Amino acid sequence: MAPKISVIIPVFNNRENEVQNAIASVIAQTHQDFEIIVVNDCSDDNGRTIADVNACIAKYPSHAISLITHPTNQGVSAARNTGIKKANGEFITTLDSDDLWHPEKLAAQLQAIEQSGDRNNTICLCDFDAHPKNGIGGVDHWRPSHNANLSLSILGGGVYNMGSTMMAHRNVFNKTGLFDVAMKNAAEDWEWLVRHVALGGKCIAVPRVLSTYYYVEKKTYPRQGEQITYMHRKHKDAIRKNLGFRAYRYFISGVNEHLYHYSSKTNQKLQARKSFVKMAASPRRFAIKLGRFALRKLRRNNTEPKIHL
């Protein structure tokens with residue numbers, strides 16, 4: 001009998017028992033009708049990741065846990081896609097190998113989708129807390145459920161760590177598609193959410209903290225800006241056509257904020273200045289973004305927690 005939910009966990013080079021802790025947080029769920037599919041994206045740690053996952057399979061014999069290993073490293077998008085293609089569940093959710101779930105995560109999101117009245121076209125996010133891995137940065141409190149219009153917030157750059165907070169019926173993936181493998185190491189979750197919204201998909205969020213996300217404050221990738229630009233070219237026409245100019249203004253503001261963020265972190269000052277000017281072309285959103293940016297910078301100088309809508 002097929003499970004109700006398929007949980008996809010992509011992993012590359014397991015460190016400090018992260019994947020074991022992630023799997024344990026799934027095993028501890030109050031809703032127990034699930035399978036776990038771990039996709040090892042060709043880890044180069046002399047077999048440690050494979051051994052760790054196999055140890056979990058042996059530790060939890062009463063649960064359906066499977067391991068798939070890529071022959072080459074293909075990126076997190078391809079790893080999630082591999083798991084989704086192998087999924088047997090009616091609903092699909094993903095968990096990054098270094099994040100954790102609260103025990104009620106699956107049950108609460110499943111109930112929310114079933115009560116939405118449109119489960120074949122609705123994704124469900126949840127509130128979550130973000131903690132720094134390397135001791136740099138503070139605790140962030142992300143609250144997507146506080147947004148009056150979650151779809152517009154997503155277009156405007158609210159990524160909401162979809163990799164560990166989203167659940168959807170498998171028909172949603174049939175409509176929206178899989179993750180874009182061209183987005184290998186930056187904003188692949190945002191691209192999928194934008195695509196879902198641009199195609200008329202609905203978004204809801206459970207107003208409870210159900211996931212814990214661990215981040216590296218100083219982590220950068222050389223092609224982040226290129227991938228954000230690629231995403232803008234890919235979706236701009238569909239957003240204008242299907243959602244209108246107001247939605248596109250939110251989207252372009254979010255794109256330019258991300259471009260400014262990435263180019264600033266990689267010392268690409270000219271690109272950063274260009275992005276800053278483009279953000280200013282959308283005065284209202286720019287003022288909101290600038291205010292939030294200033295607030296985050298101020299709070300990162302102390303230990304006060306940050307709340308993101």
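**Figure 1. Buried residues of helix α1 in the predicted model.** In this predicted model, the buried residues of α1 are Glu 18, Val 19, Gln 20, Ala 22, Ile 23, Ser 25, Val 26 and Ile 27. Helix α1 is thus mostly covered, with eight of its 10 residues buried. The cover over these residues includes the strands β1 (5–11), β2 (34–40), β3 (64–69) and β5 (100–101), together with helix α2.

**Figure 2. Packing of α1 against α2.** The axes of the two helices, α1 and α2, come within 9 Å and cross at roughly 30°. Because angles under 35 degrees count as roughly parallel, α1 is described as roughly parallel to α2. The crossing of α1 and α2 is right-handed. On the α1 side the contact is made by Val 19, Gln 20 and Ile 23, and on the α2 side by Asp 52, Val 53 and Cys 56. The α1 residues Val 19, Gln 20 and Ile 23 are also among the buried residues of that helix.

**Figure 3. Salt bridge between Lys 133 and Glu 18.** Side chains of opposite charge can pair when their charged atoms come close. In the pair formed by Lys 133 and Glu 18, the closest N and O atoms are 3.2 Å apart. This salt bridge links distant parts of the chain: Lys 133 lies in the loop between β6 (122–132) and β7 (140–142), while Glu 18 belongs to helix α1 (residues 18–27), 115 residues apart. Lys 133 has a relative accessibility of 38% and counts as partly exposed. Glu 18, with a relative accessible area of 18%, is buried, because the limit for that class is under 20%.

**Figure 4. Salt bridge between Asp 52 and Arg 48 within α2.** The closest N and O atoms of Asp 52 and Arg 48 are 3.5 Å apart. Both residues are in helix α2 (residues 48–59); because they are four residues apart there, about one helical turn separates Asp 52 from Arg 48. An α-helix has 3.6 residues a turn, so residues three or four places apart point the same way. Asp 52 counts as buried, at 14% relative accessibility, whereas Arg 48 is partly exposed at 39%. Asp 52 is also one of the α2 residues in contact with α1.

**Figure 5. Salt bridge between Arg 195 and Glu 191 within α8.** The side chains of Arg 195 and Glu 191 meet with an N to O distance of 2.7 Å. These residues are four residues apart in helix α8 (residues 188–198), and therefore about one helical turn separates them. Arg 195 and Glu 191 are both buried. Elsewhere, Lys 4, Glu 90, Glu 114 and Arg 119 are linked in a network of salt bridges. The count for the model comes to 16 salt bridges.

**Figure 6. Packing of α8 against α9.** Helix α8 and helix α9 (residues 224–243) pack at an angle of about 15°, and their axes are 9 Å apart. This angle makes α8 roughly parallel to α9. The crossing of α8 and α9 is left-handed. Helix α8 contributes Trp 190, Glu 191, Val 194, Arg 195, Val 197 and Ala 198, which meet Ile 228, Met 231, Lys 234, His 235, Ala 238, Ile 239, Asn 242 and Leu 243 of α9. Both partners of the salt bridge between Arg 195 and Glu 191 are thus among the α8 residues that meet α9.

**Figure 7. Surroundings of Gln 227 in α9.** Gln 227 is located in helix α9 and counts as buried, at 2% relative accessibility. Neighbours within four places in sequence aside, Gln 227 is in contact with Ala 182, Met 183, Lys 184, Asn 185 and Ala 186. The C-alpha atoms of Gln 227 and Ala 187 are separated by 7.7 Å, although these residues are 40 residues apart along the chain.

**Figure 8. Nonpolar cores and the contacts of Phe 251.** The largest nonpolar core has 42 residues, and those with the most contacts inside it are Ile 154, Leu 155, Trp 190, Trp 192 and Phe 251. Helix α10 (residues 245–265) supplies the largest share of this core, seven residues. Apart from this core lies another, of 29 residues, among them Phe 34, Cys 56, Phe 91 and Leu 106. Neighbours within four places in sequence aside, Phe 251 is in contact with Leu 155, Trp 190, Val 194, Met 231, His 232, His 235, Lys 236 and Ile 239.

How values were computed:
Residues are numbered from 1 along each chain as its sequence is written. This is a predicted model: local features need pLDDT of at least 70, side-chain atom pairs count only at pLDDT 80 or more; totals for chains, interfaces and linings use all residues. Side-chain values use heavy atoms; hydrogens and water are left out. A salt bridge is a side-chain nitrogen of Lys or Arg within 4 Å of a carboxyl oxygen of Asp or Glu. Buried means under 20% relative accessible area, exposed over 50%, partly exposed in between (1.4 Å probe, protein chains only). A nonpolar core is a set of buried Ala, Val, Leu, Ile, Met, Phe, Trp, Tyr and Cys residues joined through side-chain atoms within 4.5 Å. Contact means heavy atoms within 4.5 Å. Axes are lines fitted to C-alpha atoms, for helices over the stretch in contact, and angles run from 0 to 180 degrees between N-to-C directions. Angles under 35 degrees count as roughly parallel, over 145 as roughly antiparallel, 65 to 115 as roughly perpendicular and the rest as oblique. A crossing is left-handed if the near helix is turned anticlockwise from the far one by less than a right angle, and right-handed if clockwise.
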